[in-house]
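Trainee: Please take one part of this model and go through it closely. I would like to start with the cysteines and then follow the strands and packing around them.

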Amino acid sequence: MTETEKKKAATKFAADWKDRGNEKSDTQTFWMSLLRDVYGLDDIAENVEFEKRVKLEHTKFIDVYVKPTKVLVEQKDITKDLDAAIQQSDKTWLRPIEQLQRYAMALPLSEHPRWSVTCNFREFRIYDMEHPLNAPEVLKLEDLPGQYNRMNFLVDTGDENIKQEMAVSLKAGELVGALYDSILAKYQDPNNPETLRSLNKLCVRLVFCMYAEDAGLFAGHGKFHNYLKKVADKDINDVRKALLELFRILDTKPEDRDPYDDPELLEFPYVNGGLFKDEHIEIPRLDEHIIHLLLGECSEDFDWSKISPTIFGAVFESTLNPETRRSGGMHYTSIENIHKVIDPLFLDDLKVELAAILARPRSDSWRTRLLTEFQNKISKLVFFDPACGSGNFLTETYLSLRRLENEIIADQTKEAQGQTAMMGLGADFAGIKVSIGQFYGIEINDFAVTVARTALWIAESQMMKETEAIISIPLNFLPLKSYTNIVEGNALRIDWETVVPKKELSYIMGNPPFVGYTYQSKEQKADLAELKTGAGKNIDYVAGWYLKAAKMIYNTHIRAAFVSTNSIAQGEQVSAIWKLMEEKLHAHIDFAHRTFRWDSEASLKAHVHCVIIGFSSAASVKPAKIYTGTQVIEAKNINAYLLDAPSVFIEKRNQPICEVPMMCKGSQPTDGGNLLFDTKESVEQLVKAEPLAAKYIREFVGADEFIKGKRRYCLWLVNANPSDLKKCPEIMRRVAAVRETRLKSTKAATRKQAETPTLFTEIRQPSSTYVVVPEVSSEKRRYVPIGFMDEKTVCSNLVFIVPEAELYHFGVITSNVHMAWMRVVCGRLKSDYRYSNTLVYNNFPWPTPTEQQKLKIEQTAQAILDARALYPDSSLADLYDELTMPPELRKAHQANDRAVMDAYGFVKGSPARTSESACVAELMKMYQTLTSK
């Protein structure tokens, strides 16, 4: 279906179903019509399952299951509220999305959904199951005609050609891996770095030969295969020498060859490009197994011409790279994810521009001129990936530009058919202007550099074949006429302008390495220090690429876009990096993909939660865009937290920005474990031996104990009677051990505290009931578990405490408003939330409620505590698991959320009600007002 047909069908569908819809009688008709008429899904009976059975404690039924895309749908009557919980047959109360989550968990893994939809005939709630805690996207039926693309996931199974290329490329990687292992075993010193370099070069050359043969670049079918087979049949020991002779010939121009060489060798073409350059390469003797593998599985049984250079380059490099091989698998970035970077950066605009030119009538005198200008334009664009790896971003960009160029060539060819203009076509056809010479990269791994260059050559060959098919005339690919510009080196140490002058550069892009500052090697920390950015020491390694790019694009037309872990837009990283980029280098964000899962889709899965940020210092020529799941939002301003909000930077603050109780860390023992007890049994043994110890035992709670309900204890010897301690030898032994531990410390302050070994080094124990907030909590929870603790329980420095907090304060900080703020502002420990008093709590803009609103929050806060009390044997981890959260507790939280939002003025229907990001954008406006005062 064309876009026009889809829009027309969506308009009719919305009109047909306006103000009607019964769950029991209309569900199947509604979804059959939507999927068939609007989204063009063929064979509904085969592809859609209505009332799909799922086995829970009783058999349940999924209303709609779209089999090709694994989408689950829970349909409700038009009168139903999709936020409301409905009582189930087992007496539990669940919202429609919670029903779907239950069903999904009961399905076989192969049927688990990426997308789930709840619907009441008036609106669709779209849930991305990769981010189950995120608020759903809402699509109203009346808006479907203009936004039908937001539900393309219902039928989009991905490009079948890409899937086929992916399967072929992964198979190629497996074959190369098997060949690599077999040949490596034949080397005399397989652990020698020089041996591995030789083997890597050998494998690259063999792959190029097999590709060239299957792609028809070597004149005559089976030339490479037949040459080696003939040698092997005579004497397998001569294969080694035959390969060396072949590589020499491939690197020698015809006029420079010895005319008396083997005639079979002389038939091979000159390759050029340095791939077969005469340099030392060690090749061991090859046995029958290797010859069989090379000539059988790798040659006769496999077609190398169908690989994707974008995917295979990365798979090939990771297969043969010793570091990635040790990690147990192959890595590559999916083509879909690469396009999340390059499409909004430049490709979308180019496609729109070309489509507009091609849409002009052929009688338009400007049409041909505009096509020529467009082709010249794309042939002058220059791209740079300063962490290019095996070149997948560069390769996919080249392929995308050449496909646009082939559209122009196809159009010109059609125009020229039967005319003398076709005279310009032929073996030396000059119509191809886009060149791999437009692509530049830096890569620190020497082998990856070789693979990147080879991948670009393969891509060039494939696109020339597509051009051949358009003009119906063979073109000469060999010898290679274009050169790649991939440089080996450390991108944070190299001056990027020595690789590509910025006056020639159009775009910077890529996927720089993700290394948090905690996990950086000494060399990586030194790389960042060498940049002298002024951004401080505690920045992620990827920040080096952002800062170098911002310097290079300053005061130029160049635009950049990088993939990075979402930490670049969270916590302290934001002010450390983006404040510098914005205020000193005038960088601004042009587009952003909010957090999504970036998969390395091969045998080794590397799930990383990433963002994509496009930025420049040039004036914006189009609206800024934020991509979230299926939704694209035009933003007035994208700030460094990737919100449509003012450019603010949340920095550490020692006092709360509003008039609320202080939050601080709990007490810190610094005792070498000598004041602590991990089990109740150890406490009982102490008390049994020394009864006086009983009055000095307190329960000791850190984040783990608080959330998971574990029990630990401590010796709390504040104001302890010295005579009591003297009568307790075990306590005295422990106190002496504390003293020794502190004396051995490298910190002077800790050594000083050896003078008071009976006490914790930091004591912040409240004298009355207080609120506890764990420092680290799982990102899988919608709410960070927060609660009250009595003054007799000692909390450790792994939690934060609010000594003077009341029910009202508890209600606000446990609400969805504070959770949304926390998710954006806090740092992360791996992917878990890392709460901070100075960053999250002290900067949080509190509401100014009326007395009635404050009373309501106190009531809803108490209801949360009451709901927890119904399950005394369950830990907070149990209670706040999204699958096992009791309905009473969820209902209490939802009521508290509404009460807090009402206190902020975030009433139902306002933008802040729509999503977490909109809510935080409102909070940031409040923060800006508060800080300006």
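Mentor: A disulfide is a pair of cysteine sulfur atoms within 2.5 Å. This is a predicted model, in which local features need pLDDT of at least 70 and side-chain atom pairs count only at pLDDT 80 or more, while totals for chains, interfaces and linings use all residues. Residues are numbered from 1 along each chain as its sequence is written, and side-chain values use heavy atoms, with hydrogens and water left out.

The whole structure contains zero disulfides. Cys203 is in none, the nearest cysteine sulfur being that of Cys298, 9.3 Å away. Why is Cys209 not bonded to Cys203? Because their sulfurs are 12 Å apart, which is too far for a bond, and Cys203 holds the closest cysteine sulfur to that of Cys209. Cys203 counts as buried (under 20% relative accessible area, with exposed over 50% and partly exposed in between; 1.4 Å probe, protein chains only), because its relative accessibility is 2%. Cys209, at 0%, is buried too.

The neighbour Cys298 sits in helix H11, residues 288–300. Helices (H or I, at least four residues) and strands (E, at least two) are DSSP runs, numbered from the N terminus. Cys298 is one of the buried residues of H11, together with Ile290, Ile291, Leu293, Leu294, Leu295, Gly296 and Ser299. At the start of H11, a side-chain oxygen of Asp287 comes within 3.2 Å of the backbone nitrogen of His289. That is a polar contact (N or O atoms within 3.5 Å; within protein, one able to donate a hydrogen and the other to accept it; residues adjacent in sequence count only if both atoms are side-chain atoms).

Next, the packing. A nonpolar core is a set of buried Ala, Val, Leu, Ile, Met, Phe, Trp, Tyr and Cys residues joined through side-chain atoms within 4.5 Å. The largest one has 120 residues, and Ile508, Ile568, Trp578, Phe615 and Trp821 have the most contacts inside it. Helix H19 (residues 543–553) gives the most to this core, eight residues. Trp578 touches Tyr546, Ile568, Gln573, Ile589, Ile613, Phe615, Ala640 and Phe649, leaving out residues up to four places away in sequence. Cys203 belongs to a second, separate core of 108 residues, which also includes Ala232, Ile486 and Cys610.

Another cysteine, Cys664, leads to the strands: it stands opposite Ile801 in E26. E26 is part of an open sheet of four strands, ordered E18-E26-E22-E24, with antiparallel pairing. Its edge strands, E18 (664–665) and E24 (787–789), each pair on one side only. Two strands pair if DSSP finds at least two bridges between them. E18 and E26 run antiparallel and are joined by two bridges. E22 (residues 770–774) and E26 (residues 799–802) are also antiparallel, with four bridges. Across that pairing, Val773 stands opposite Phe800, and Pro774 opposite Val799. In a regular strand the side chains alternate between the two faces of the sheet. E26 is covered on both faces: Val799 and Ile801 are buried on one side, Phe800 and Val802 on the other.

A further open sheet of four strands has the order E19-E21-E20-E25 and mixed pairing. Here the edge strands are E19 (676–677) and E25 (794–795), each pairing on one side only. E20 (residues 697–701) pairs with E25 in the parallel sense over two bridges, and Phe700 stands opposite Val794 in E25.

Gln765 is in contact (heavy atoms within 4.5 Å) with residues of both E22 and E25, including Tyr770 and Val794. Gln765 itself lies in the loop between helix H25 (748–752) and E22. Is its side chain buried or exposed? At a relative accessible area of 19%, Gln765 counts as buried. Its side chain reaches the backbone oxygen of Glu791 at 2.7 Å, and a polar atom of that side chain lies 2.7 Å from the backbone oxygen of Thr793. Beyond four places in sequence, the other contacts of Gln765 include Ser667, Arg698, Trp716, Lys792 and Cys795.

A word on confidence. The average pLDDT (the predictor's confidence in each residue, from 0 to 100) is 88 for the chain, and 93% of the residues score at least 70. Residues 325–331 fall below 50, and that stretch has 29 contacts beyond near neighbours in sequence. Residues 420–429 are also below 50, with 19 such contacts.
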